[in-house]
2 protein chains.
Amino acid sequence: METRELRYFVAVAEELHFGRAAERLGIAQPPLSRAIQRLERRLGVELLHRDNRSVELTAAGAVLLAEGRAALDAVEAAGRRTRRAGTGTGSAALVLVTKAGASGELLAKLLDAYAAEPGAVEIDVQLCGIGEQEGMLRDGRADVALLYLPFDSATGFDTEVLRSEGQIAVLPAGHPLSLETSLRTSDVTGLPGLPPPRWPRRDGTYPDGPGPKVRDHTQLLQLIMLGRTTAIMPESLRNQLGEKLVAVPVVDAPKVTTVIAWPPHSRSRALARLVEVATRL
Amino acid sequence: METRELRYFVAVAEELHFGRAAERLGIAQPPLSRAIQRLERRLGVELLHRDNRSVELTAAGAVLLAEGRAALDAVEAAGRRTRRAGTGTGSAALVLVTKAGASGELLAKLLDAYAAEPGAVEIDVQLCGIGEQEGMLRDGRADVALLYLPFDSATGFDTEVLRSEGQIAVLPAGHPLSLETSLRTSDVTGLPGLPPPRWPRRDGTYPDGPGPKVRDHTQLLQLIMLGRTTAIMPESLRNQLGEKLVAVPVVDAPKVTTVIAWPPHSRSRALARLVEVATRL
DNA sequence: GCCGGTGATACCTCCCGGGTATCGTGGCTG
DNA sequence: CAGCCACGATACCCGGGAGGTATCACCGGC
């Protein structure tokens with residue numbers, strides 16, 4: 001199976017429409033139809049059910065969509081990482097990705113400690129939005145990531161645990177609950193007039209609900225300050241809170257584990273060193 | 001990057017010889033040379049250093065070799081799993097792979113429990129040699145595996161722990177140590193006249209050393225019975241020992257953990273059910 | 001019944017993958 | 001030191017297939 005065929009199939013499977021898929025791929029519709037037919041013939045499997053009015057995935061097609069995406073990511077990663085390894089200054093630079101707005105203190109310590117190592121290479125730190133890190137690691141835009149379980153998913157990566165911490169509720173100063181010394185999750189989520197914030201989904205849309213839409217942490221803190229919402233977050237963010245905000249430990253919230261994650265087949269010397277430094281912190 | 005180019009590059013990188021690589025690929029040498037040149041030009045990176053007498057990998061080439069193998073496995077997996085999903089009886093059969101000679105008792109319980117579930121699909125059990133399981137899971141020949149840590153590596157897979165057990169030393173009956181109630185690793189490995197067995201490597205060759213070559217567990221037990229070697233193995237294999245063999249716990253040997261492992265992007269209903277049943281055992 | 005949208009087919013072109021023949025270059029050997 | 005040989009690169013040719021345009025076949029809706 002060639003990657004071109006996979007790309008074509010994934011496009012059609014996502015659009016469920018040959019015309020739009022062809023447009024997205026920058027080719028005409030007939031070659032696309034033929035390519036899919038050939039693919040089906042070669043695999044001996046019906047991938048799409050064409051109903052002369054609508055296109056839908058068969059069970060086999062759903063499998064190929066999931067597996068094909070993963071395979072395309074792997075191919076893309078191979079290209080990107082090779083390019084980076086070759087065009088670099090000789091010693092390949094590493095790309096580390098972490099969530100924008102996450103506690104920078106751990107990252108700063110890691111970068112400092114690594115830079116002090118002999119033979120340290122340049123590390124390119126990329127900040128990205130919620131849930132993007134896994135994709136970047138998978139398709140080669142990044143080599144290593146700091147992930148926060150259980151918010152992020154580290155499935156398919158090798159990981160080392162760096163830190164585990166509790167969570168705090170962030171409340172506007174003066175709120176009745178801000179006088180408590182500890183809270184439970186249910187105390188915070190069910191507050192009348194303080195609905196939980198709504199984070200964007202991967203496709204940029206927001207779930208329905210009464211809470212305010214937020215895109216990042218500063219926005220969120222601002223909204224809490226204004227008394228419009230409240231939130232539960234890792235306790236290492238406590239020192240990023242301003243004057244008007246109060247943090248109260250939430251005893252039954254799940255622990256947040258910070259891990260350093262990398263693709264399992266990585267064999268880079270620099271990466272191994274970075275991970276080693278991280279675990280020694 | 002097309003998979004054909006990746007296959008070509010991996011062949012050359014493994015052979016470090018264009019002629020042999022071309023032969024292995026079933027094409028002539030000139031097209032192979034051109035394909036590699038084009039790949040290098042497109043990536044803008046030198047992958048191989050041709051010295052008019054020898055071919056060697058550059059740093060970027062080494063990266064592409066590792067990443068390319070992974071990508072090719074992913075593409076192959078996509079094809080195989082799709083084929084299986086389509087040509088099956090409708091409800092896709094799962095392929096479970098485990099080491100030949102491993103304790104079958106846990107597997108039997110798992111298969112029985114799963115078969116009793118409503119909507120259970122047929123499970124094809126494949127036995128394979130040492131260290132082959134990861135490859136089979138990676139390239140789609142299998143969907144799920146029973147792995148034994150720390151012997152096998154589960155990096156890159158999702159896993160659930162099924163069991164953890166100690167290890168025993170297996171000695172010929174009558175051996176002085178067989179009267180002990182517990183041993184340490186160093187008691188067993190340093191025995192004069194009882195060198196540890198040699199297992200084949202992935203390429204079929206054996207490491208050097210005095211011990212006898214073994215291919216599987218029955219062979220190994222036979223050799224222990226003959227007083228030619230001795231071995232340390234998980235205690236669940238105790239009930240496979242015959243008359244002439246004695247098992248003694250090895251207190252400082254690492255615990256052996258049996259896990260069920262599957263590729264992280266699997267979304268199959270049947271697989272999820274199987275894993276759920278396994279964790280309930 | 002006509003129209004519009006959709007995927008499939010027919011047919012053409014041209015690029016590129018693959019083949020054979022040959023060259024250029026070094027290392028090895030007699 | 002000359003000739004040979006091993007090996008990758010180059011030159012040139014051919015055929016298949018990828019991609020384009022024009023058109024058909026089917027069917028739902030007004």
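These legends go with close-up views of a predicted model of protein chains A and B with DNA strands C and D.

**View 1. The protein surface around DNA strand C draws on both chains.**
Let us begin with the residues that line this strand. DNA strand C has 21 residues around it, and Ser33(A), Tyr8(B), Ala28(B), Arg34(B) and Arg38(B) come nearest. Helices H2 (18–25) and H3 (29–43) of chain A each supply at least two residues of this surface, as do helices H1 (3–15) and H3 (29–43) of chain B. Sorted by class, the surface near DNA strand C holds eight nonpolar, seven polar and six charged residues. On the DNA side, sugar or phosphate owns 63% of the strand C atoms within 4 Å of the protein, and bases own the rest.

**View 2. Side chains of His17(A), Arg50(A) and Tyr8(B) reach phosphate oxygens of DNA strand C.**
Here are three distances to look for on screen. In chain A, a polar side-chain atom of His17(A) sits 3.1 Å from a phosphate oxygen of DNA strand C. For Arg50(A), the distance from a side-chain N or O atom to a phosphate oxygen of the strand is 3.0 Å. Chain B takes part through Tyr8(B), with a side-chain N or O atom 2.9 Å from a phosphate oxygen of DNA strand C.

**View 3. DNA strand D is surrounded by 21 residues.**
Which residues are closest to DNA strand D? They are Ala28(A), Arg34(A), Arg38(A), Gln29(B) and Ser33(B). Among the atoms of DNA strand D that come within 4 Å of the protein, 65% are accounted for by sugar and phosphate. The surface near DNA strand D divides into eight nonpolar, seven polar and six charged residues.

**View 4. Backbone and side-chain atoms both approach phosphate oxygens of DNA strand D.**
Two backbone approaches are worth finding. A polar backbone atom of Ala28(A) lies 2.7 Å from a phosphate oxygen of DNA strand D, and a polar backbone atom of Gly19(B) lies 3.2 Å from a phosphate oxygen of that strand. A side chain contributes as well: an N or O atom of Arg50(B) is 3.0 Å from a phosphate oxygen of DNA strand D. The elements that give two or more residues to the surface near DNA strand D are helix H1 (3–15) and H3 of chain A, together with helix H2 (18–25) and H3 of chain B.

**View 5. Helices H1(A) and H4(A) cross obliquely.**
How are H1(A) and H4(A) packed? Helix H4 of chain A spans residues 59–87, and H1(A) packs against it at about 130 degrees with the axes 9 Å apart. H1(A) and H4(A) are therefore oblique to each other, and their crossing is left-handed. Residues of H1(A) in the contact include Leu6(A), Phe9(A) and Val10(A), while those of H4(A) include Leu64(A), Leu65(A) and Leu72(A). The contact of H1(A) with H4(A) has nine nonpolar, three polar and three charged residues.

**View 6. In chain B, H1(B) meets H4(B).**
The axes of H1(B) and H4(B), residues 59–87, come within 9 Å and cross at roughly 130 degrees. These helices are therefore oblique to each other, with a left-handed crossing. Among the residues that make the contact are Thr3(B), Arg7(B) and Ala13(B) of H1(B), and Gly61(B), Gly68(B) and Val75(B) of H4(B). By class, the contact of H1(B) with H4(B) divides into nine nonpolar, three polar and three charged residues.

**View 7. H5(B) passes H9(B) in a right-handed crossing.**
Helix H5 (residues 104–115) and helix H9 (residues 269–280) of chain B have axes that come within 9 Å and cross at roughly 120 degrees. That makes H5(B) oblique to H9(B). Leu110(B), Ala113(B) and Tyr114(B) of H5(B) meet Ala270(B), Arg273(B), Leu274(B), Val277(B) and Ala278(B) of H9(B). This contact has seven nonpolar, no polar and one charged residues.

**View 8. Backbone details include cis peptide bonds before Pro150(A) and Pro150(B).**
In chain A, the peptide bond from Leu149(A) to Pro150(A) is cis, with omega near 0 degrees. Pro150(A) belongs to the loop between strands S5 (144–149) and S6 (158–165) of chain A. In chain B, a cis peptide bond joins Leu149(B) and Pro150(B), with omega about 5 degrees, and Pro150(B) is in the loop between S5 (144–149) and S6 (158–165) of that chain. Leu16(A) is not a glycine, yet has a positive phi of about 55 degrees; Leu16(A) lies in the loop between H1 and H2 of chain A.

Terms used: Residues are numbered from 1 along each chain as its sequence is written. Chains are lettered from A and ligands numbered from 1 in the order in which they are written. This is a predicted model: local features need pLDDT of at least 70, side-chain atom pairs count only at pLDDT 80 or more; totals for chains, interfaces and linings use all residues. Side-chain values use heavy atoms; hydrogens and water are left out. A residue is near a molecule or strand if one of its heavy atoms lies within 4 Å of it. A polar contact is a pair of N or O atoms within 3.5 Å; within protein, one must be able to donate a hydrogen and the other to accept it, and residues adjacent in sequence count only if both atoms are side-chain atoms. Helices (H or I, at least four residues) and strands (E, at least two) are DSSP runs, numbered from the N terminus. Ala, Val, Leu, Ile, Met, Phe, Trp, Tyr, Cys and Pro count as nonpolar, Asp, Glu, Lys and Arg as charged, and the others, Gly among them, as polar. Axes are lines fitted to C-alpha atoms, for helices over the stretch in contact, and angles run from 0 to 180 degrees between N-to-C directions. Angles under 35 degrees count as roughly parallel, over 145 as roughly antiparallel, 65 to 115 as roughly perpendicular and the rest as oblique. A crossing is left-handed if the near helix is turned anticlockwise from the far one by less than a right angle, and right-handed if clockwise. Contact means heavy atoms within 4.5 Å.
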